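Reader: I am new to this structure and would like a close look at one part of it. Please take one side of the contact between the chains, and show how that part fits into the rest.

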Number of protein chains: 2
Amino acid sequence: MQPTRRVFLRSGLAGASAIGAGAIGAGAIGASALLADPGSAVAAVESGESGPTGIVPFYGAHQAGIATPAPNYLQFGSFNVIGDTIADLRRLLLIWTDAAARMSAGQQIGPVRTGSKPPVDTGEAIGLAPSDLTVTFGFGATLFSDNGVDRFGLAKHKPAPLADLPAFLGDALQPVISGGDLCVQVCANDPQVAFHAMHDLIKQASPLATPKWLLAGFGRTGNTTKEPLPRNLMGFQDGTANIMAQDTGAFKQFVWAGEPASPAWMRGGSYLVARRIQIALELWDATGLDGQQQTIGREKLSGAVLPVVPPTSHLVLSSPSRNNGQRILRRGYSFVDGVDPATGFPAVGVLFLCYQKDPRKQFIPIQRRLAGADALSEYLTHIGSAVFACPPGVTSGQFIGEQLIG
Amino acid sequence: MQPTRRVFLRSGLAGASAIGAGAIGAGAIGASALLADPGSAVAAVESGESGPTGIVPFYGAHQAGIATPAPNYLQFGSFNVIGDTIADLRRLLLIWTDAAARMSAGQQIGPVRTGSKPPVDTGEAIGLAPSDLTVTFGFGATLFSDNGVDRFGLAKHKPAPLADLPAFLGDALQPVISGGDLCVQVCANDPQVAFHAMHDLIKQASPLATPKWLLAGFGRTGNTTKEPLPRNLMGFQDGTANIMAQDTGAFKQFVWAGEPASPAWMRGGSYLVARRIQIALELWDATGLDGQQQTIGREKLSGAVLPVVPPTSHLVLSSPSRNNGQRILRRGYSFVDGVDPATGFPAVGVLFLCYQKDPRKQFIPIQRRLAGADALSEYLTHIGSAVFACPPGVTSGQFIGEQLIG
């Protein structure tokens with residue numbers, strides 16, 4: 001509880017709403033809605049489990065959606081900031097924080113009964129349970145410096161771990177589904193609740209920010225304690241040996257940002273690497289079981305490690321023992337995107353999301369090793385890529401990113 | 001139970017599998033798998049409810065997926081038939097029937113432990129519940145006559161109700177996501193179970209048929225007895241006044257095909273009209289609540305009919321009383337398809353699926369009336385369209401479409 005911050009927040013929001021629809025468009029929300037306190041959602045997220053009500057606390061030392069269990073559905077959005085002042089960026093983060101806190105608590109973001117004005121909350125989640133909704137925000141490198149332009153005066157605060165990824169062998173990245181100034185990761189156990197959250201965050205952001213790319217996913221592949229482990233679209237169990245929510249030591253060592261590599265404002269945050277990976281499903285389906293198992297390093301049905309594991313298997317090459325003991329927190333989701341005109345097969349894959357303390361020591365060397373030798377890479381093509389610095393959590397009255405631009 | 005048919009089916013399948021992988025590609029399944037009897041799934045589908053095990057019977061007087069309750073997730077596929085003989089078509093329907101019956105019963109379509117050969121079942125649904133999976137097949141007009149070519153000798157059997165739709169005011173149809181020789185509607189309460197079914201049907205079809213367009217959906221908008229009714233992505237409740245599964249009189253009058261309009265082979269089948277409708281979400285979000293409610297004819301929060309309902313509202317114009325008493329069975333699903341580059345908003349909409357006795361008397365006049373006057377049409381664009389004759393159900397030992405091409 002930081003009364004000073006709260007007063008600041010309220011005056012900031014009142015200022016934003018006073019600017020009115022002309023300044024922040026259809027997304028404008030009235031002061032009365034913003035000044036209400038989500039209240040009951042204030043609780044530590046440390047426990048890593050959602051309560052019996054299906055509410056994952058929005059406020060806490062860390063943002064929800066990283067250490068908290070991964071629900072079944074994802075909406076991921078990357079945004080470009082259109083506004084060009086630090087005040088615009090602050091206003092956007094104030095609006096987003098307020099909306100995310102309300103929706104995480106199962107509330108509407110604002111009134112629906114608005115007479116001649118557009119409803120503030122768009123309404124499609126009315127009557128649905130909170131569904132373990134989490135909303136996680138991140139800052140892309142272009143927010144700090146875009147082709148050498150210090151757009152918001154933030155260049156001096158750019159964390160060193162928020163480094164551009166090198167080109168990896170086999171990358172076929174499409175700029176239109178890569179990068180972005182900001183990201184929003186929405187997870188929920190109901191796809192309509194997840195969509196509603198993304199929809200209303202997009203609406204509220206207009207015209208300060210606009211989505212660059214969006215992707216819906218399902219069937220989390222990792223970050224779960226459920227048994228049996230979920231299977232990916234290649235039919236193999238996924239998520240083996242992931243970092244588990246209760247392993248606070250591993251989180252401290254591998255996931256949460258800290259000094260000296262990260263600046264103070266990132267302490268308790270984490271770096272998200274997002275890779276959109278397409279699976280050559282027609283090629284995989286035509287591969288013999290033996291070949292599939294040798295590629296992964298495990299039996300398909302049982303998930304057991306093979307008696308003899310080929311050195312080029314994904315199991316071996318992705319193992320921490322081959323990567324200086326480094327681990328990453330995986331939180332991937334499968335996606336299906338119509339027919340691939342090149343193959344006549346479904347265009348499917350995984351939005352591989354991983355959180356870590358420093359991608360320069362974790363994702364980058366791991367992926368460099370995999371891209372060069374992993375038998376699985378014959379079947380996978382990385383078509384989208386982005387890295388975001390996800391700041392730490394906040395308490396009620398603060399806004400996400402306040403440690404950076406407060 | 002028709003022993004003769006079953007013997008026929010088995011010899012047909014054994015013949016198909018004897019042709020081997022060279023003829024039906026990666027989809028080839030061994031005789032041993034095909035000859036097993038899904039058995040326990042044999043039951044009438046008339047009850048319209050799934051059992052406690054989450055199994056919706058595949059066999060019955062009608063195909064599952066029409067009168068049965070709509071689960072939460074959809075995979076819809078339209079296919080072009082590549083094979084050019086009636087024997088190819090029969091083989092495809094044999095393979096699909098066998099696979100669909102097994103998957104509906106919660107079984108794998110064939111072995112996974114196949115040694116050096118590709119697994120028959122691709123495996124991603126292993127360990128998941130049957131999830132009320134239904135698979136519904138339909139025949140497009142081009143299967144009977146394609147630009148005047150009678151490809152399979154079926155032209156004389158084409159049902160009159162399987163008529164091409166006229167152009168409606170405002171249509172912006174894209175050929176690449178319209179039409180198709182065959183359709184497969186997969187519904188389930190787990191998106192991974194639904195995807196797996198579509199995936200394996202595509203794999204098994206190769207190279208006899210190949211998908212033309214695919215679409216994933218969620219959050220059924222209609223055909224449910226659940227209260228409160230689900231909301232569509234415009235935030236309004238949808239499915240009001242739909243035909244309910246237990247209303248067998250309405251099904252007989254409005255849904256199930258019958259003579260004299262339909263040929264004998266379609267008796268107990270139904271005609272599916274599929275329309276991919278995009279929602280101008282950014283325009284809708286910027287519309288005042290009053291305007292939204294006047295457009296629909298109902299209150300947004302409560303779903304109650306407005307005290308004064310505008311004559312151009314969707315409620316009035318879609319009402320049976322304005323359409324010669326005609327009704328259709330709706331089974332639509334919402335879709336989300338990334339960012340619409342034209343608006344920067346999510347490209348969302350509904351795959352509107354409706355079943356009926358005769359589209360010439362039902363969908364066509366209803367849509368003609370709506371396209372010309374419905375206030376809602378300002379926000380909707382029809383971008384895909386298709387019509388399919390879904391044949392009646394079959395009993396174990398028969399294959400879907402056997403009444404037509406047996």
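Author: What follows starts with the chain as a whole, moves to the contact, and ends with a few single residues.

The model is a predicted one. Chain A contains 11 helices and nine strands. Of its 406 residues, 55% count as buried. Contacts between distant parts of the sequence are common in chain A: among those joining residues at least 6 apart, 73% join residues at least 24 apart.

Now the side of chain A that faces chain B. The contact between the chains draws 47 residues from chain A and 47 residues from chain B. On the side of chain A, five elements each give at least two residues: α5, β4, α8 (289-296), β7 (332-340) and β8 (345-356). Which of these elements gives the largest share? That is β4(A), with eight residues. Sorted by class, the side of chain A that touches chain B holds 23 nonpolar, 16 polar and eight charged residues.

The two chains are related in a simple way. A turn of 180° with a shift of 0.0 Å along the axis lays chain A on chain B, and the RMSD is 0.0 Å. This is the relation of a two-fold axis. Both copies use the same surface, as 100% of the contact residues of chain A recur in chain B. The residue of chain A that comes closest to the rotation axis is D337(A), whose C-alpha is at 3.9 Å. The number 337 falls within the range of β7 (332-340), one of the elements that supply the side of chain A touching chain B.

Two of the elements on that side, α5(A) and β4(A), can be followed further. Helix α5 of chain A runs over residues 191-205, which is 15 residues. From its first C-alpha to its last the helix reaches 21 Å, close to the 21 Å expected at 1.5 Å a residue. The helix is mostly covered, with 15 of its 15 residues buried. Between α5 and β4 of chain A there is a loop, and P207(A) lies in it. The peptide bond that joins S206(A) and P207(A) is cis, with omega at about 0°.

The strand β4(A) also takes part in a second contact, this one inside chain A. The chain is divided into domain 1 (3-152 + 181-230 + 397-405) and domain 2 (248-389). Where these domains meet, 26 residues come from domain 1 of chain A and 24 residues from domain 2 of chain A. On the side of domain 1, the elements that give two or more residues are β1 (73-81), β2 (134-140), β3 (182-188), β4 (209-221) and α11 (402-405) of chain A. Here too the largest share comes from β4(A), which gives seven residues. The residues on this side of domain 1 divide into 14 nonpolar, 11 polar and one charged. In short, β4(A) gives the largest share of the side of chain A that touches chain B, and also the largest share of the side of domain 1 that touches domain 2.

Some single residues remain. In chain A, D132(A) is found in the loop between α3 (86-104) and β2. Its phi is positive, about 55°, although D132(A) is not a glycine. Is D132(A) buried or exposed? A residue counts as buried when 20 or more other C-beta atoms lie within 10 Å of its own; D132(A) has 26 C-beta neighbours inside 10 Å, so it is buried. In chain B, D132(B) has its place in the loop between α4 (86-104) and β2 (134-140). D132(B) likewise has a positive phi of about 55° and is not a glycine. With 26 other C-beta atoms within 10 Å, D132(B) is buried.

Chain B offers two further places to look. A cis peptide bond joins E259(B) and P260(B), with omega at about 5°. P260(B) sits in the loop between α7 (248-255) and β5 (270-279) of chain B. The other place is L165(B), in the loop between α5 (141-144) and β3 (182-188) of chain B. L165(B) has 20 other C-beta atoms within 10 Å and is therefore buried. Leaving aside residues up to four places away in sequence, L165(B) touches I364(B), S385(B) and V387(B). By contrast, T114(B) is 51 residues from L165(B) in sequence and 46 Å away in space, C-alpha to C-alpha.

Notes: Residues numbered from 1 in each chain as written. Chains lettered and ligands numbered in written order. Predicted model: local features only at pLDDT ≥ 70, side-chain atom pairs only at ≥ 80, totals over all residues. Helix = DSSP H or I, 4+ residues; strand = E, 2+ residues; numbered from the N terminus. Expected span 1.5 Å × (residues − 1). Buried ≥ 20, exposed ≤ 12 C-beta atoms within 10 Å, placed from the backbone. Domains from an automatic or database assignment. Contact = placed C-beta atoms within 7 Å. Nonpolar A, V, L, I, M, F, W, Y, C, P; charged D, E, K, R; others polar. Least-squares fit on C-alpha atoms with pLDDT ≥ 70 in both.
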